[in-house]
Amino acid sequence: MRLKGKVALITGGTEGMGFATAALFLREGARVTVSGRSEGKGRDALAELSRLGDAHFVRGDVAVPADASRMVEETVSRFGRIDVLFNNAGVYIEKSAEDMSEEEWDRLMDVNVKGTFLVSKYALQHMRRQGGGVIVNNSSDAGIIGNRNCPAYCASKGAVTLMTKAMALDYAGCGIRVNSVNPGTIDTPMLAREVEASEDPAGYMARTVSESPMGRIGRADEVAKAVLFLASDESSFVTGACLSVDGGSTAQ
């Protein structure tokens, strides 16, 4: 029960890494709010999560200031505080610079960068008053090294990685730790959609697996365990870190 008595908000928590983290947090004693843009996915996720503990769903888009604020305020209103924020919501677009539209660039930056900033901004106000808290940002291996055919995504996740370090310095004296997880390729619904959208799904997946030093892609629960470590007191002297969960891809 490493999060007993803690309250967590997980954005993009209705599927994939966010859902796996919410489930793990609940099993570790936390009360959890998950957010997402789809009411239907939110209801389905909440039905499963509520079997594990005290869970709540808030519909909203992290890139919309009013929605980002409401996610935090509903969490505090329902549970009385906010101890952990996992900024997990994100989008992925695989296109070269010349093929990407300005609208696609803006949407990716709005969700991945602005959304992380906005929810953090509102959560930090409560964490400061409480005298402490933890923020974990979901970055990427693409936030450490360049990946082919996704310059906008790399730019957004590079921004998240360095935003994490800067915020860690700003709030270290307030008892607030800020870290990131930097996953590689993880088996999630987002990856499934990406594979199916490719011209050769089988070939795409085979190439992805072949590029991993461990010879496989990661699981959502493996990322969730890393987030749990950063959210818990086991990492009490860790702030400003980017924890790679990528099977060794960034070590190459």
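**Cysteines**

Begin by selecting the cysteines of this predicted model. The count of disulfides comes to 0. Select Cys-150 next: this residue is in no disulfide, and its nearest cysteine sulfur belongs to Cys-154, 3.8 Å away. A disulfide requires sulfur atoms within 2.5 Å, so the 3.8 Å between Cys-150 and Cys-154 does not qualify. Cys-154 is likewise in no disulfide, and the nearest cysteine sulfur to it is that of Cys-150. Are these two residues buried or exposed? Cys-150 is buried, with a relative accessible area of 1%. Cys-154 also counts as buried, at 13% relative accessibility.

**Strand β1 and its partner**

Move now to strand β1, residues 7-10. Display the side chains and note their directions: Val-7 and Leu-9 point one way from the strand, while Ala-8 and Ile-10 point the other way. Each of these four residues is buried. Then add strand β2, residues 31-36, which pairs with β1 in the parallel sense over 4 bridges. To see one of the bridges, select Ala-8 together with Val-32, its bridge partner in β2.

**The nonpolar cores**

Leu-9 leads to the next stop. It is among the residues with the most contacts inside the largest nonpolar core, together with Val-72, Leu-85, Val-119, Met-127 and Ile-135. This core has 36 residues. Which elements each supply at least two residues of it? They are α3 (65-79), α4 (102-130), α5 (151-171) and β6. Of the contributions to this core, that of α4 is the most, with 10 residues. In soluble globular proteins, nonpolar side chains tend to be buried together.

Select Leu-85 for a closer view. Leaving aside neighbours within four places in sequence, its contacts include Leu-9, Val-119, Met-127 and Ile-135, as well as Thr-11 and Ser-120. Apart from the core just visited lies another, of 31 residues. Leu-3, Ile-10, Phe-25 and Ile-186 are among its members.

**Asn-182 in strand β6**

Proceed to Asn-182, which is placed in strand β6, residues 176-183. Asn-182 is buried, with a relative accessible area of 0%. What does its side chain reach at 3.0 Å? The answer is the backbone oxygen of Ser-140. Show the side chains around Asn-182 as well:

- Ser-180, whose side chain is joined to that of Asn-182 by a polar contact of 2.8 Å.
- Ser-139, with a side-chain polar contact to Asn-182 of 3.3 Å.
- Thr-161, joined to Asn-182 through side chains by a polar contact of 3.3 Å.

Widen the selection to the residues in contact with Asn-182, leaving aside neighbours within four places in sequence: among them are Asp-141, Gly-143, Ile-144, Cys-242, Leu-243 and Asp-246. For a sense of distance, select Thr-14 too; Asn-182 and Thr-14 are 168 residues apart in sequence and 20 Å apart in space, C-alpha to C-alpha.

**Helix α7**

The last stop is helix α7, residues 201-210. Select its buried residues Gly-203, Tyr-204 and Thr-208. Why do these residues lie on the same side of α7? They cover an arc of only 135° around the axis, which puts them on the same side. Now turn to the face directed away from this buried side, where the exposed residues Ala-202 and Ser-210 are carried. Finally, show α6 (189-197), which is included in what covers the buried residues of α7.

How values were computed. Residues are numbered from 1 along each chain as its sequence is written. This is a predicted model: local features need pLDDT of at least 70, side-chain atom pairs count only at pLDDT 80 or more; totals for chains, interfaces and linings use all residues. Side-chain values use heavy atoms; hydrogens and water are left out. Buried means under 20% relative accessible area, exposed over 50%, partly exposed in between (1.4 Å probe, protein chains only). A polar contact is a pair of N or O atoms within 3.5 Å; within protein, one must be able to donate a hydrogen and the other to accept it, and residues adjacent in sequence count only if both atoms are side-chain atoms. Contact means heavy atoms within 4.5 Å. A nonpolar core is a set of buried Ala, Val, Leu, Ile, Met, Phe, Trp, Tyr and Cys residues joined through side-chain atoms within 4.5 Å. The arc is that of the directions from the helix axis to the C-beta atoms. Two strands pair if DSSP finds at least two bridges between them.
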